[in-house]
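Reader: I would like to go through the annotated sites one by one. Please keep the answers short and show the reasoning.

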Amino acid sequence: MTVEQFQQAGRQSTHGGMFMADGAKTLPMRVDLVPIGEVPAPVKREASAVLRSVYDASVSIATDQDLPRDAYDSGRDQYRAEAFIDLAADAAPGDRAVGLTTEDLYYRRRNYVFGLAYLDGRSCVVSTNRLGTSSDGGFSQRSPEAVFGDRVRKEVVHEVGHMLGLDHCDNNRCAMSFSPTVQEVDRKEETLCGTCQRELF
């Protein structure tokens, strides 16, 4: 969904990953992971591993960044997601930058977002704040830690896919499928479907 489509659609105020128009895509690529605030090491490892496996990316970890205090909305107790995208881009020299944060993010009328990316852009952000809920959609009996790790990987693939120009996918098993709840995140795979792969590779 582009910004213009978002403004016209007025869909429910939840989202598994959004994107906006800007920039251009290149593959292969170097991706810098940019921790914003305190980000646990396992989150960085999951993000790095999935970027290498799905996009064959060269991954580096950038210097930790302070939270953008001017992006904090005290009435919502959340941060504006766009500020994290800009911060990630400024902090990283690579082809693409993925901001990682444990803070709760929102975008315009959305109550929250798992992530936000510029379509065909250079930077995105993934928030783990709402990915640690106990529900895994009823599809497994795995540990909460394993389910959480899966969600992190899927959202990283999703947001980077938007940066590379991929729209939301109608295949609900594809990582690019629209996933406004953790249950829908749990239903999809961490990989791209054949159609999405053909658009990139």
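**Histidines and cysteines at the annotated sites**

Author: In this predicted model, His 158 has 0% relative accessibility, so His 158 counts as buried.

Reader: Which histidines does UniProt list for "binding site"?

Author: The listing comes from an unreviewed UniProt entry. The feature is "binding site", and the residues are His 158, His 162 and His 168.

Reader: Where does His 158 lie?

Author: His 158 is a residue of a helix. That helix covers residues 144–163. The element is helix 4.

Reader: Is His 168 buried or exposed?

Author: His 168 sits in the loop between helix 4 and helix 5 (182–187). Its relative accessibility is 19%. The cut-off for buried is under 20%. His 168 therefore counts as buried.

Reader: With which side chain does the side chain of His 168 make a polar contact?

Author: His 168 is in the loop after helix 4 and before helix 5. Its side chain makes a polar contact at 3.4 Å. The partner is the side chain of His 158.

Reader: At which cysteines does UniProt place the feature "binding site"?

Author: Again the entry is unreviewed. UniProt places the feature at Cys 169, Cys 174, Cys 193 and Cys 196.

Reader: Why do they gather at one spot?

Author: In sequence they span 28 residues. Yet no two of their C-alpha atoms are further apart than a set distance, so they gather at one spot. That distance is 8.6 Å.

Reader: How many disulfides does the structure hold?

Author: A disulfide needs two cysteine sulfur atoms within 2.5 Å. For Cys 193, the nearest cysteine sulfur is that of Cys 169, 3.6 Å away, and Cys 193 is in no disulfide. For the structure, the count of disulfides is 0.

Reader: Which residues does Cys 193 touch, not counting residues up to four places away in sequence?

Author: Cys 193 is in the loop between helix 5 and helix 6 (194–200). Its relative accessible area is 11%, so Cys 193 is buried. Cys 193 touches Cys 169, Asn 171 and Cys 174.

Reader: What is Cys 174 in contact with, leaving aside its neighbours within four places in sequence?

Author: Cys 174 lies in the loop between helix 4 and helix 5. Cys 174 is buried, with a relative accessible area of 1%. Its contacts are Cys 169, Lys 188, Glu 189, Thr 191, Leu 192, Cys 193 and Cys 196.

Note on methods
Residues numbered from 1 in each chain as written. Predicted model: local features only at pLDDT ≥ 70, side-chain atom pairs only at ≥ 80, totals over all residues. Heavy atoms only, no water. UniProt positions renumbered as here; feature names shortened; annotations may be inferred. Helix = DSSP H or I, 4+ residues; strand = E, 2+ residues; numbered from the N terminus. Buried < 20%, exposed > 50% of the residue type's maximum accessible area, 1.4 Å probe, protein only. Polar contact = N/O pair within 3.5 Å; in protein donor to acceptor, adjacent residues only side chain to side chain. Contact = heavy atoms within 4.5 Å.
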